[in-house]
Amino acid sequence: ARLVESGGGSVQPGGSLTLSCVATDSIIRLYVMGWRRQVPGSQRRETVASIGSGGGPKRYAEFAQGRFNISRDNAKNSIELHMNLLKPEDTGVYYCAADREAIGPHVPDILGRGIQVTVSS
(Lines give C-alpha, C1' and ligand atoms only; values in the text may rest on other atoms or scores of the structure.)
Protein backbone atom coordinates (compact mmCIF):
# COMPACT_ATOMS: atom_id res chain seq x y z
CA ALA A 1 0.00 0.00 0.00
CA ARG A 2 1.04 3.61 -0.55
CA LEU A 3 0.04 6.73 1.35
CA VAL A 4 -0.74 9.92 -0.55
CA GLU A 5 -0.86 13.21 1.32
CA SER A 6 -2.67 16.40 0.31
CA GLY A 7 -3.78 19.70 1.81
CA GLY A 8 -0.50 21.31 2.72
CA GLY A 9 0.40 24.88 1.87
CA SER A 10 1.05 28.26 3.41
CA VAL A 11 -0.97 29.94 6.12
CA GLN A 12 -0.57 32.89 8.45
CA PRO A 13 0.02 32.40 12.17
CA GLY A 14 -3.23 31.64 13.92
CA GLY A 15 -4.69 30.09 10.79
CA SER A 16 -5.87 26.56 10.06
CA LEU A 17 -5.00 23.77 7.64
CA THR A 18 -6.32 20.28 7.12
CA LEU A 19 -4.00 17.56 5.89
CA SER A 20 -5.45 14.47 4.23
CA CYS A 21 -3.91 11.08 3.59
CA VAL A 22 -5.40 8.37 1.42
CA ALA A 23 -4.10 4.81 1.26
CA THR A 24 -4.11 2.83 -1.97
CA ASP A 25 -5.04 -0.42 -0.24
CA SER A 26 -7.87 -1.17 2.17
CA ILE A 27 -5.55 -3.29 4.31
CA ILE A 28 -4.63 0.03 5.90
CA ARG A 29 -7.81 -0.33 7.98
CA LEU A 30 -5.89 -2.77 10.16
CA TYR A 31 -3.08 -0.31 10.81
CA VAL A 32 -2.49 2.42 13.32
CA MET A 33 -2.14 5.61 11.31
CA GLY A 34 -0.80 9.04 12.05
CA TRP A 35 1.40 11.95 11.16
CA ARG A 36 5.03 12.67 11.70
CA ARG A 37 6.88 15.87 10.82
CA GLN A 38 10.34 17.19 10.24
CA VAL A 39 10.90 20.83 11.02
CA PRO A 40 13.65 22.98 9.48
CA GLY A 41 17.02 22.54 11.11
CA SER A 42 16.13 19.20 12.64
CA GLN A 43 17.58 15.94 11.42
CA ARG A 44 14.87 13.82 12.97
CA ARG A 45 11.15 13.39 12.50
CA GLU A 46 8.76 13.73 15.41
CA THR A 47 5.36 12.19 15.89
CA VAL A 48 2.48 14.65 15.73
CA ALA A 49 -0.57 12.44 16.30
CA SER A 50 -1.82 8.91 15.83
CA ILE A 51 -5.13 7.08 15.72
CA GLY A 52 -5.92 3.41 16.23
CA SER A 53 -7.28 1.15 13.54
CA GLY A 54 -10.84 1.43 14.81
CA GLY A 55 -10.75 5.18 15.33
CA GLY A 56 -9.26 5.13 18.81
CA PRO A 57 -7.25 5.76 20.84
CA LYS A 58 -6.03 9.12 19.63
CA ARG A 59 -2.64 10.29 20.82
CA TYR A 60 -1.06 13.71 20.39
CA ALA A 61 2.34 15.23 20.92
CA GLU A 62 2.40 17.86 23.63
CA PHE A 63 2.75 20.64 21.06
CA ALA A 64 -0.36 19.41 19.24
CA GLN A 65 -2.62 19.05 22.26
CA GLY A 66 -5.63 21.35 22.08
CA ARG A 67 -4.78 22.61 18.59
CA PHE A 68 -4.73 19.55 16.31
CA ASN A 69 -7.34 16.85 15.81
CA ILE A 70 -6.81 13.57 14.00
CA SER A 71 -9.62 11.53 12.49
CA ARG A 72 -10.01 8.60 10.15
CA ASP A 73 -12.57 7.23 7.73
CA ASN A 74 -11.94 3.55 7.09
CA ALA A 75 -14.58 3.46 4.36
CA LYS A 76 -12.34 5.83 2.41
CA ASN A 77 -9.00 4.39 3.62
CA SER A 78 -8.11 7.86 4.82
CA ILE A 79 -7.11 9.99 7.75
CA GLU A 80 -7.11 13.73 8.30
CA LEU A 81 -5.24 16.09 10.55
CA HIS A 82 -7.08 19.30 11.37
CA MET A 83 -4.58 21.91 12.52
CA ASN A 84 -5.75 25.10 14.21
CA LEU A 85 -3.98 28.06 15.81
CA LEU A 86 -0.92 27.33 13.72
CA LYS A 87 2.41 28.76 14.78
CA PRO A 88 5.57 29.48 12.79
CA GLU A 89 7.25 26.60 14.62
CA ASP A 90 4.71 24.23 13.05
CA THR A 91 6.42 24.82 9.72
CA GLY A 92 7.85 21.64 8.29
CA VAL A 93 7.27 18.59 6.13
CA TYR A 94 4.42 16.42 7.36
CA TYR A 95 4.42 12.70 6.64
CA CYS A 96 1.50 10.32 6.76
CA ALA A 97 2.46 7.06 8.44
CA ALA A 98 0.97 3.64 9.04
CA ASP A 99 2.19 0.85 11.27
CA ARG A 100 0.84 -2.45 12.51
CA GLU A 101 1.82 -1.56 16.09
CA ALA A 102 2.17 2.17 16.74
CA ILE A 103 3.33 5.49 15.34
CA GLY A 104 6.48 6.44 17.17
CA PRO A 105 10.17 7.23 16.78
CA HIS A 106 10.80 4.02 14.84
CA VAL A 107 10.47 3.85 11.07
CA PRO A 108 6.83 3.00 10.33
CA ASP A 109 5.77 0.13 8.07
CA ILE A 110 4.52 2.62 5.49
CA LEU A 111 5.48 6.28 5.09
CA GLY A 112 4.13 8.85 2.67
CA ARG A 113 6.34 11.16 0.64
CA GLY A 114 5.55 14.16 2.77
CA ILE A 115 3.84 17.48 2.25
CA GLN A 116 5.04 20.99 3.08
CA VAL A 117 3.30 23.16 5.67
CA THR A 118 4.50 26.75 6.03
CA VAL A 119 3.26 29.10 8.72
CA SER A 120 4.44 32.61 8.10
CA SER A 121 3.22 36.17 8.08
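Let's start with contacts across the chain: of those with a separation of 6 or more, 55% are between residues 24 or more positions apart. Please keep in mind that this is a predicted model, so everything I tell you today is computed from it.

What does the secondary structure come to? The chain has 0 helices and 11 strands. If you read from the N terminus on, you meet β-β-β-β-β-β-β-β-β-β-β.

Now the overall dimensions. The C-alpha trace spans about 40 × 30 × 25 Å along its principal axes. For 121 residues, a compact globule would have a radius of gyration near 14 Å, and the chain has 13 Å, so the two agree. Of those 121 residues, 43% count as buried. On the outside, the chain exposes about 6,300 Å², and carbon and sulfur atoms supply 47% of that area. As for charges, there are 14 positive and 11 negative ones, and their mean positions lie 1 Å apart.

Let's walk over to strand E11, residues 115–119. Which of its side chains are buried? Ile-115, Val-117 and Val-119 are, and they point to one face. Gln-116 and Thr-118 point to the other face and are not buried. So the side chains alternate along this strand.

E11 has partners, too. Strand E2, residues 9–11, runs parallel to E11, and 3 bridges join them. If you want to find that pairing on the screen, look for Gly-9, which stands opposite Val-117 in E11. That is the Val-117 we just met among the buried side chains. Strand E9, residues 92–99, also pairs with E11 over 3 bridges, but in the antiparallel sense. Here the landmark is Tyr-94, whose bridge partner in E11 is Ile-115.

Next, strand E8, residues 78–83. How many bridges join E3 to E8? There are 6, and the two strands run antiparallel. Within that pairing, Ser-20 stands opposite Glu-80 in E8. E7 and E8 also pair in the antiparallel sense, over 6 bridges, and Phe-68 has Met-83 in E8 as its bridge partner.

E7 and E8 form a hairpin with 4 residues between them. In that turn sits Asn-77, with a phi near 55 degrees, which is a positive value in a residue other than glycine. Is Asn-77 buried or exposed? Its relative accessible area is 13%, so Asn-77 is buried.

Leu-85 makes a nice companion to look at. Its phi is near 50 degrees, again a positive value in a residue other than glycine. You will find Leu-85 in the loop between E8 and E9. With a relative accessible area of 53%, Leu-85 is exposed.

While we're on loops, have a look at the one between strand E5 (46–51) and strand E6 (58–60), where Pro-57 is found. A cis peptide bond joins Gly-56 and Pro-57, and its omega is about -5 degrees.

Let me finish in strand E3, residues 17–23, with two residues. Val-22 is found in this strand. At 40% relative accessibility, Val-22 counts as partly exposed. Which residues does Val-22 touch, if we leave out those up to four places away in sequence? They are Arg-2, Leu-3, Val-4, Lys-76, Asn-77 and Ser-78. Notice that Asn-77 from the hairpin turn turns up in that list. Val-22 and Glu-5 are 17 residues apart along the chain, yet their C-alpha atoms are separated by 6.6 Å.

Ala-23 is also in strand E3. At 6% relative accessibility, Ala-23 counts as buried. Leaving out residues up to four places away again, Ala-23 touches Arg-2, Leu-3, Ile-28 and Asn-77. And how far apart in space are Ala-23 and Val-4? C-alpha to C-alpha it is 6.4 Å, although the two are 19 residues apart in sequence.

That takes us back to where we began, with contacts between residues 24 or more positions apart making up 55% of those with a separation of 6 or more. Thanks for listening, everyone!

How values were computed. Residues numbered from 1 in each chain as written. Predicted model: local features only at pLDDT ≥ 70, side-chain atom pairs only at ≥ 80, totals over all residues. Heavy atoms only, no water. Buried < 20%, exposed > 50% of the residue type's maximum accessible area, 1.4 Å probe, protein only. Pairing = 2+ DSSP bridges. Rg over C-alpha atoms; globule rule 2.2 N^0.38 Å. Contact = heavy atoms within 4.5 Å. Areas by Shrake-Rupley, 256 points an atom, 1.4 Å probe, with all protein chains shown as cover. Lys, Arg positive; Asp, Glu negative; His and termini not counted. Charge placed at Lys NZ, Arg CZ, Asp CG, Glu CD.
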